[in-house]
Amino acid sequence: MRKAKKVSESCQELLSCGLIDRSEALRIALVATLLPTLEGSPRTLPAEALMDATGLDHDEAVSQVKLLGTYGIEVEHIGGGYRLVDTFDDLLLPEAVVPRLLELAYSARARPGTLAETCTEDKVMIPSLGLPYLYAASCGSTNRWLKGEAKGMPNGAIAVTDDQTEGRGRLGRIWSSEPGKDLTFSLLLRSSALTYEAGLLSLTAGLAVAEVLERLPGLRGRVRVKWPNDVLIDDKKVCGILLESSSQGEGLEWIVVGIGLNVNSDPASRPQASEPSQREASCGKPVPTSLRVESGASVGRRLLLVELLTRLSDRWFDSTIADSFGELRLRDGLLGRRVEIYAGPPDGVLTIAGEAVGIDDRGRLLVKERGGMTKAISTGEATLGVDIPTT
Ligand code: BTN
C-alpha cells in the first residue's frame, strides 16, 4: 500500500514537471495502486483507496477504472472492492509499463550511488530511463520520432511503438519487426548524464540486453554480444542496436539509442529486407531469430521492456566501465573466431581479416592478422567465421 501510494505521488510530480498529461497520470496512478491486487495482497481495494491515489471523487475514480478496461487493463468490481483481472503482460501502453517502472524506482532506493540515493520519504524519484514514456500504436521509426522530439526532452526519454513501419538498421539497412510481437524502442541520452564515453554505449547496451535475455528459460549460456552492436543467440541475431547522435560545438548534444528485439515473431517466416541476402549469409552475416523461436515460449513484452530499461540504466549510469567490460568479454561472440571486417555491409570493402582476440578498453575489436600482428578496429561490420582451434 505504502509503495503504491508513493508511486501515485510520483505521478503527481511527473504531471507537475510536464512529463505526463493529467488523464495519463490518473490512469497510471490507478494501475500503480491496484498492482498489489495481482499478487492477492490485498485481494481487492476499496474505492476510497483509488480516490485517495488520484484525488478524484467516487464517480470520477470509478469511470477512470472503467476506462482502463478499454485500454486492455481489466479491473473487476467484486465484493465491494476493485482488483486487476490479469497481468496484461504484453501491453506496452504507458498505463501498463510506467507503474512498474516507478515501483522499481522506489525499491531501488537503497542502492548506493544511484539517483535513488536522492530519494527520501518526502522526495519523489523518477527512474533514470523510461520517462517521459512516449508511446504510439504505430510509427515509422522510433529513432526518427525521438530525434524529432529531442530538443525539449530530458535524459532518459523513451519512444516505444507496437508497429514500426519504416524501421532503420545500421549501414542504411531496413529493420523489420512484426506488429504487436516484437520490441522496437529508442532512448534519448544526454551526454552530460553519462559516466563514460558515448562510443562505448552500444557495446554496453548489447551487454545489458544479453544479461536480460540469458535469464530467460532455456537461454542461459547461449546469448552473446557480437561487436559492435548485435546480440546473438547461438550465432543467430535476435537484437540490433542503432546509435544516432547530434553534436553541438565541440561536444555531443544527445544520443538516440534504438533497440530492435525480435520477441514473439518468427523472422524466418516473413519476407523481409533486413534478412541477409544469400551472398551476405554466405559471407557470415547472422540469420535472424526471435526469443520465442529460441526459448520455445512466448515472452511478455511489458516486463521484458521494464527489465531491459532497468539493466540498461544500471550499465549506463551505475556501473564502472571496467566492470561492464569484464562482463562483456565473458559474452564476446567473436572471441577466437575467424573474422573479416568490412567498411560497409559484408559484401563491401574488406578492412582486415584474422582472428578476433578480444575487445580493448576503448571498445575496439582486436584482430590478429595471419602474420601475427594485432590491430585495434574502431568501426565496421564483422562477419561471423569459424572457431579457430586454440592449440
Ligand atoms: C541493426 O542491427 O542494423 C540495428 C537495428 C536497430 C533497429 C531499431 S528498432 C528501434 C529503432 N528504430 C529504428 O528505426 N531502428 C532502431
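This section describes the ligand site and the largest pocket of a predicted model. Local features require pLDDT of at least 70, side-chain atom pairs count only at pLDDT 80 or more, and totals for chains, interfaces and linings use all residues. Residues are numbered from 1 along each chain as its sequence is written, and side-chain values use heavy atoms, with hydrogens and water left out.

The ligand takes up the space of the largest cavity (a set of points on a 1 Å grid over the protein atoms alone where a 1.4 Å probe fits but cannot get out; a molecule sits there if more than half of its atoms lie within 2 Å of the grid points). Its shell holds 20 residues, each with a heavy atom within 4 Å. Ser 141, Gln 164, Arg 168, Arg 170 and Lys 237 are the closest. By class, the shell has five nonpolar, 11 polar and four charged residues, with Gly counted as polar. E8 gives the most, four residues.

Three polar contacts (N or O pairs within 3.5 Å) involve ligand nitrogen atoms. The backbone of Arg 168 supplies an N or O atom at 2.7 Å. Side-chain N or O atoms lie at 3.0 Å for Gln 164 and 3.2 Å for Thr 142. Alone, the ligand exposes 420 Å², of which the protein buries 99% (Shrake-Rupley method, 1.4 Å probe).

The largest pocket (an open set with protein on both sides within 12 Å along at least five of seven lines) encloses about 430 Å³. Its lining (an atom within 4 Å of a point) comprises 23 residues, with Gly 199, Ser 202, Pro 228, Ser 378 and Thr 379 closest to the centre. E8 again gives the most, five residues.

Terms used
Points joined across faces, edges and corners; volume = space filled by probe spheres on them. Helix = DSSP H or I, 4+ residues; strand = E, 2+ residues; numbered from the N terminus. Polar contact = N/O pair within 3.5 Å; in protein donor to acceptor, adjacent residues only side chain to side chain.
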